[in-house]
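Okay, thanks for coming, everyone. I've got one structure to walk through today, so have a look at it while I talk.

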Amino acid sequence: SDDGETIRRSLELGASGFIPKRFGVETLREAIGKVMNGDVWIPSDIDLSANAAPDLTKLRDRLVTLTPQ
């Protein structure tokens, strides 16, 4: 699923990007390259302006405090 809500939640939980399968090889290559260089990549046609769910924001804040163990 590549709807805005799913992509936003993925990013909130630590994903470096969201690359749907619907794009061609060149776009996939570009997106993977950007993510590997430390950038965040999302489809340009996705609107992430909707507010985040408060429960998900709390979960994300707790997850970032976890140690690698």
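Let me start with a puzzle for you: which residue forms a salt bridge with arginine 22? The partner is aspartate 45, and the closest N and O atoms of the two are 3.2 Å apart. What I like about this pair is that it links distant parts of the chain: arginine 22 is in the loop between H1 and H2, aspartate 45 is in the loop between H2 and H3, and they are 23 residues apart. Arginine 22 itself is partly exposed, since its relative accessible area is 46%, and anything from 20% up to 50% goes in that class.

Before I go further, a word of caution: this is a predicted model. The average pLDDT for the protein is 82, and 87% of the residues score at least 70. Confidence is highest in H2, with a mean of 92, and lowest in helix H3, residues 54-63, where the mean is 73. So keep that in mind when I get to H3.

Now the overall layout. We have three helices and zero strands, so reading from the N terminus you just get α-α-α. Of the 69 residues, 17% are buried. About 5,200 Å² is exposed, and carbon and sulfur atoms supply 53% of that. And if you take the contacts between residues at least 6 apart in sequence, 50% of them join residues at least 24 apart.

Back to that loop between H1 and H2, and one residue along from the arginine. Phenylalanine 23 is in that loop too, with helix H1 at 4-12 and helix H2 at 25-36. What does phenylalanine 23 touch, if we leave aside its neighbours within four places in sequence? The answer is Leu28, Trp41, Pro43 and Asp45. You'll recognise Asp45 there: that's the salt-bridge partner of arginine 22. As for Pro43, it's 20 residues from phenylalanine 23 along the chain, yet their C-alpha atoms are separated by 9.1 Å.

The tryptophan contact deserves a closer look. Searching the whole structure turns up one aromatic pair. The rings belong to phenylalanine 23 and tryptophan 41: their centres are 5.8 Å apart and their planes sit at 85 degrees, so we call the pair edge-to-face. The cut-off for that label is over 60 degrees. Here again distant parts of the chain are linked, with phenylalanine 23 in the loop between H1 and H2, tryptophan 41 in the loop between H2 and H3, and 18 residues from one to the other.

So are these two rings buried or exposed? Tryptophan 41 is buried, because its relative accessible area is 10% and the limit is 20%. Phenylalanine 23 comes out at 22%, so it counts as partly exposed.

Okay, on to the helices. How many salt bridges are there altogether? The count is four. One of them is in H1, where glutamate 5 pairs with arginine 8 and the closest N and O atoms are 2.2 Å apart. Those two are three residues apart in the helix, which means about one helical turn between them. In general, an α-helix has 3.6 residues a turn, so residues three or four places apart point the same way. Arginine 8 is buried because its relative accessibility is 8%, while glutamate 5, at 32%, is partly exposed. Arginine 8 has company, by the way: the buried residues in H1 are Gly4, Thr6, Ile7, Arg8 and Glu12. Right after H1 comes glycine 14, with a positive phi near 110 degrees.

H2 has a salt bridge as well, between glutamate 26 and arginine 29, with 3.2 Å between the closest N and O atoms. They're also three residues apart, about one turn of the helix, but here both residues are exposed. And going back to H1, salt bridges with shared partners join Glu5, Arg8 and Glu12 into one network.

Last stop, the surface. Leu13, Leu59, Leu63 and Leu66 make a nonpolar patch of about 360 Å². Leucine 59 lies in helix H3, and it's partly exposed because its relative accessible area is 38%. Remember that H3 is where confidence is lowest.

That's my tour. Any questions?

Terms used: Residues are numbered from 1 along each chain as its sequence is written. This is a predicted model: local features need pLDDT of at least 70, side-chain atom pairs count only at pLDDT 80 or more; totals for chains, interfaces and linings use all residues. Side-chain values use heavy atoms; hydrogens and water are left out. Helices (H or I, at least four residues) and strands (E, at least two) are DSSP runs, numbered from the N terminus. Buried means under 20% relative accessible area, exposed over 50%, partly exposed in between (1.4 Å probe, protein chains only). Contact means heavy atoms within 4.5 Å. pLDDT is the predictor's confidence in each residue, from 0 to 100. Accessible areas come from the Shrake-Rupley method with a 1.4 Å probe; for residues, only the protein chains shown count as cover. Patches are made of residues with over 30% relative accessible area and no salt bridge: like charges are joined within 9 Å, nonpolar side chains (Val, Leu, Ile, Met, Phe, Trp, Tyr) within 5 Å. A salt bridge is a side-chain nitrogen of Lys or Arg within 4 Å of a carboxyl oxygen of Asp or Glu. Rings of Phe, Tyr and Trp (its six-membered ring) pair if their centres lie within 6.5 Å; planes under 30 degrees apart count as stacked, over 60 as edge-to-face and the rest as tilted.
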